[in-house]
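Dear colleague,

I am passing on the structure below, together with some notes on what was found in it. Please read them with the coordinates open beside you.

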Amino acid sequence: MPMNQTVAGKSILQWQLEYPILQDVVSLKEVLWTNAKYKSLSMDTLTIDEKDVRDAEERWKRFAPYLAKVFEETQSMNGIIESPLVPIPHMHRYLEKKYQQALPGKLWLKCDSHLPISGSIKARGGIYEVLKHAEDLLFKHNLLTTQDDYSILDTKKFKDFFSQYSIAVGSTGNLGLSIGVMSAKMGFKVTVHMSEDAKQWKKDLLREKGVTVIEHRSDYSKAVEEGRKQAETDPDCYFIDDENSKHLFLGYAVAAIRLKNQLDAAGVIVDEDHPLFVYLPCGVGGGPGGVTFGLKLIYREHVHCFFAEPTHSPCMLLGLLTELHDQVSVQDFGIDNKTDADGLAVGRPSRFVGKVIESLLSGIFTIDDEELYILLHALSNSENIDLEPSALAGMLGTVKLHHTRVGKEYLSANTLEERSENGTHIVWATGGSLVPREIMEGYYNKGLHLSTLKDSLTEYDS
Ligand SMILES: *Cc1c(COP(=O)(O)O)cnc(C)c1O
């Protein structure tokens, strides 16, 4: 640990004295951090609002006939890209047993792992921004109005039009997958700048679809920078900026409207007496930030959103805690940003997202990579649902709240204990359905191995 290194003019030791939790963070121990600024600001000061989210939802609806036409798997939902919300009672029991801890309330899984087209939460933000850009271009050239049936976009005329334009993005994998597949389908030229940790099968799949994949021997932030550079030299190239994009963010935020409809349909109440807890894996912040923003607009103080980050990549935690946002990286604190969790291997958080959520977010917890595999194995056994490792990051949310001192303090500070039996806990499963079978088996076996090795109690028995 480079103890003599300074961050924003203070030594790491000084930072640790000011924020004692940093000692555990830099030692790569799992932590739960609760946000001291929670609720202290009003949403009125933000640069985006409810109207923007509604507008995004309307745009998704306009594109639905097109999506239904070009992606067969969206036909049954009439071109609306949405994922199931399912109860996971067996996993709930597994967690109670493993941690010897009653976990009141009901546990659900939001299966963005099974979103059509790209099998991850990135299908929300990434696809949305491609559609928004396509629509902007067509409006500008008077080729389309909001009154048209957008399924006409699946014709040679429009594909030829889009082929004059290009799209670029930097990604650890899943964003590239969403943007690459969508852009290529519409006819755009598309380049995805992949960071070194991006999985080979994701690169192969994109190349198969005609996407140009550029591999960088560097991490996510650098891949984004390269994408940005490429776009700057070409006026017809549009760069999708995962670190700063309001459009991506709004694409994610629409998830909240959809979730509310699903909860209503399932008869789940969220109000003063029925708190909602949501646990979201966080990389650069756009996905979980957008969902949090949307949920806060709908449920206000009745929803409690927590992010989950790998112990090796706690970028949003550092950004919010130090209030330095994108001016701090995990590497500044001597943390290596090496994790198997695709999409979460991000060393520097988004300032835009950090500023929006700094008073909306309840807290952040970190999770060890090995634990991701153990949970992956347990979920597969108990519920027969297969996720990629990053998608398990939120799974310990309810355990962290009920089983740790900091969690219990949060519950009591918000007078939640007496209502905990009525609580709804949603783990946001952010990816997995496109993982090739043999790779998923590898994950499962790794989880099996680690569970038997680490703790005999982790064996699930039905
Ligand atoms: C990208 C991603 C996330 C996090 O989203 P960010 O917008 O980067 O914070 C979580 N899980 C998976 C599987 C992802 O691909």
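Among contacts in the protein between residues at least 6 apart in sequence, what percentage join residues at least 24 apart? The share is 74%. Please keep in mind throughout that this is a predicted model.

On the overall form, the protein has 17 helices and 13 strands, and its C-alpha atoms fill a box of roughly 60 × 55 × 50 Å along the principal axes. A compact globule of 462 residues would have a radius of gyration near 23 Å, and the 21 Å found for the protein agrees with that. Of those 462 residues, 61% count as buried.

The packing of two helices may interest you. Helix H3 (residues 50–70) and helix H10 (residues 246–265) pack with their axes 8 Å apart and at an angle of about 85°, which means that H3 is roughly perpendicular to H10. On the H3 side the contact involves Asp52, Val53, Arg54, Ala56, Glu57 and Trp60, which meet Lys246, Leu250, Gly251, Ala253, Val254, Ile257 and Arg258 in H10. Sorted by class, the residues of this contact are seven nonpolar, one polar and five charged.

Two further helices were looked at for their burial. Helix H11 (residues 286–299) has 14 residues, which at 1.5 Å a residue should span 20 Å, and its end C-alpha atoms, 19 Å apart, agree with this. H11 is mostly covered, with 13 of its 14 residues buried, and the residue that follows it, Arg300, has a positive phi near 50°. In helix H8 (residues 200–208), the buried residues are Trp201, Lys202, Lys203, Leu205 and Leu206, and they pack against helix H7 (174–186), strand E7 (189–194), strand E8 (212–215) and helix H17 (437–454). Just after H8, Gly210 takes a positive phi of about 90°.

Helix H7 also holds Met186, which counts as buried because its relative accessibility is 0%. Leaving aside residues up to four places away in sequence, Met186 touches Phe63, Tyr66, Val130, Leu131, Ala134, Leu153, Lys159 and Phe162. The C-alpha atoms of Met186 and Phe161 are separated by 9.6 Å, with their positions 25 residues apart along the chain.

Glu96, placed in helix H4 (residues 89–99), has a relative accessibility of 27% and therefore counts as partly exposed. With residues up to four places away in sequence again not counted, Glu96 touches Gln101, Ala102 and Leu103. Its C-alpha atom is separated by 10.0 Å from that of Thr398, although Glu96 and Thr398 are 302 residues apart along the chain.

Finally, two loop residues deserve a look for their backbone angles, given that most residues other than glycine have a negative phi. Asn78, in the loop between H3 and strand E4 (85–87), is not a glycine and yet has a positive phi of about 55°; at 59% relative accessibility, Asn78 counts as exposed. Glu323, in the loop between helix H12 (315–322) and helix H13 (351–357), likewise is not a glycine and has a positive phi of about 60°, but at 46% relative accessibility Glu323 counts as partly exposed.

With best wishes

Conventions: Residues numbered from 1 in each chain as written. Predicted model: local features only at pLDDT ≥ 70, side-chain atom pairs only at ≥ 80, totals over all residues. Heavy atoms only, no water. Helix = DSSP H or I, 4+ residues; strand = E, 2+ residues; numbered from the N terminus. Expected span 1.5 Å × (residues − 1). Buried < 20%, exposed > 50% of the residue type's maximum accessible area, 1.4 Å probe, protein only. Axes fitted to C-alpha atoms, helices over the stretch in contact; angles between N-to-C directions. Parallel < 35°, antiparallel > 145°, perpendicular 65-115°, else oblique. Contact = heavy atoms within 4.5 Å. Nonpolar A, V, L, I, M, F, W, Y, C, P; charged D, E, K, R; others polar. Rg over C-alpha atoms; globule rule 2.2 N^0.38 Å.
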